[in-house]
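Biologist: Could you take me through this model, beginning with how far to trust it and then moving on to the fold and the charged pairs?

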Amino acid sequence: MKKVWTKWDIILLCLFLLTACGSGKEATPWTMEDAEAILNSGAFSDELEELDLDTAFALYGLAGGGLDRTALTDGVVHYSSGATCEELALLIFQDQETAQSAEQPLKDYLQSQLEANQDYRPGEIPKLNSALLKRRENVWLLVVAADAPTAMDAAGLQ
């Protein structure tokens with residue numbers, strides 16, 4: 001017996017196929033080039049200075065997450081010279097498990113920045129409240145910027 005396909009059968013089949021396939025695009029980890037694009041996006045109101053990774057490891061309290069300095073294999077950190085709380089950090093860890101261990105120290109760092117600047121620089125609090133802290137695989141991205149939407153757009157998050 002031959003099956004006759006109705007218009008609804010075809011529509012349902014197409015919807016099923018579209019849903020099953022999805023976009024197929026996985027979010028890939030950020031790269032040094034992505035960090036450069038964020039830095040040059042116009043999202044920052046202050047001149048940022050580059051920090052070495054040893055200093056960044058200490059600044060973010062990563063040892064508090066049980067991490068050894070060798071776990072932070074690469075990255076780039078740009079930090080305000082003191083006038084603002086603005087910064088950009090791309091931290092590349094040796095693997096996803098190690099990167100996961102950095103989550104709490106990074107969250108603690110942002111919280112300490114909020115507390116330290118509440119009275120000292122209250123104008124910086126909105127920037128800290130809209131800080132971007134995201135992980136993709138073994139890479140953390142931390143951005144505190146004057147223009148958070150522009151930074152997020154440059155990071156491919158909008």
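Modeller: What follows goes from confidence to the fold, then to the sheet, the salt bridges and two buried residues.

Biologist: Okay, what sort of model is it, and what is the average pLDDT of the protein chain?

Modeller: This is a predicted model, and the protein chain averages a pLDDT of 88, with 84% of the residues scoring at least 70.

Biologist: Over which residues does pLDDT stay under 50?

Modeller: That applies to residues 12-25, and for this stretch the model has 1 contact beyond four places in sequence.

Biologist: And how many helices and strands are there?

Modeller: The protein chain has 7 helices and 5 strands, and read from the N terminus the order of elements is α-α-β-α-β-β-α-α-α-β-β-α.

Biologist: What share of the residues is buried, and what is exposed at the surface?

Modeller: Of the 158 residues in the protein chain, 37% count as buried. The exposed area of the chain comes to about 9300 Å², of which carbon and sulfur atoms supply 54%. As for contacts between residues at least 6 apart in sequence, 64% of them join residues that are at least 24 apart.

Biologist: Now the sheet: in what order do the strands sit?

Modeller: The 5 strands form an open sheet in the order β1-β2-β3-β5-β4, with antiparallel pairing. Because β1 (48-51) and β4 (132-136) stand at the edges with a single partner strand each, one side of each is left without a neighbour in the sheet. On average, neighbouring strands are turned by 10° against each other, direction ignored.

Biologist: Which helix packs on it?

Modeller: Helix α5 does, touching β2, β3, β4 and β5, and its direction makes about 5° with that of β5.

Biologist: How many bridges hold the strand pairs, for instance β2 with β3?

Modeller: β2 and β3 pair in the antiparallel sense over 7 bridges, and D74 stands opposite I92 in β3. Between β1 and β2 there are 4 bridges, again with the strands running antiparallel, and here L48 stands opposite S80 in β2. At the other edge, β4 is joined to β5 by 5 bridges, with L133 placed opposite L142 in β5.

Biologist: What about the turn in the β2 and β3 hairpin, which residue there has a positive phi?

Modeller: That is G82, whose phi is near 135°, in a hairpin with 6 residues between the strands.

Biologist: Switching to charges, how many salt bridges does the whole structure have?

Modeller: A search of the whole structure finds 4 salt bridges. One of them joins E86 and K127, whose closest N and O atoms are 2.7 Å apart. This pair links distant parts of the chain, since E86 lies in the loop between β2 (72-80) and β3 (87-93) and K127 in helix α6 (residues 125-129), 41 residues apart.

Biologist: Are those two buried or exposed?

Modeller: Both E86 and K127 are buried.

Biologist: Which other residue does K127 form a salt bridge with?

Modeller: K127 also forms a salt bridge with E124, where the closest N and O atoms are 3.2 Å apart, and E124 is buried as well. E86, E124 and K127 are thus linked in a network of salt bridges.

Biologist: And E103 with K107, how far apart are those in the helix?

Modeller: They are 4 residues apart in helix α5 (residues 103-120), so about one helical turn separates them, and their closest N and O atoms are 2.9 Å apart. E103 is partly exposed, with a relative accessible area of 22%, and K107 is likewise partly exposed at 40% relative accessibility.

Biologist: Last topic, V143: where does it lie, and what is it in contact with?

Modeller: V143 lies in strand β5 (residues 139-144) and counts as buried because its relative accessibility is 3%, which is under the 20% limit. Leaving aside neighbours within four places in sequence, V143 is in contact with I38, F44, E87, L88, A131, L132 and A151.

Biologist: How about H78, buried or exposed?

Modeller: H78, placed in strand β2, counts as buried at 9% relative accessibility. Beyond its neighbours within four places in sequence, the contacts of H78 are L39, L48, E49, E50, E87 and L88.

Key:
Residues numbered from 1 in each chain as written. Predicted model: local features only at pLDDT ≥ 70, side-chain atom pairs only at ≥ 80, totals over all residues. Heavy atoms only, no water. Helix = DSSP H or I, 4+ residues; strand = E, 2+ residues; numbered from the N terminus. Buried < 20%, exposed > 50% of the residue type's maximum accessible area, 1.4 Å probe, protein only. Contact = heavy atoms within 4.5 Å. Areas by Shrake-Rupley, 256 points an atom, 1.4 Å probe, with all protein chains shown as cover. Salt bridge = Lys/Arg side-chain N within 4 Å of Asp/Glu carboxyl O. Pairing = 2+ DSSP bridges. Axes fitted to C-alpha atoms, helices over the stretch in contact; angles between N-to-C directions. pLDDT = per-residue confidence, 0-100.
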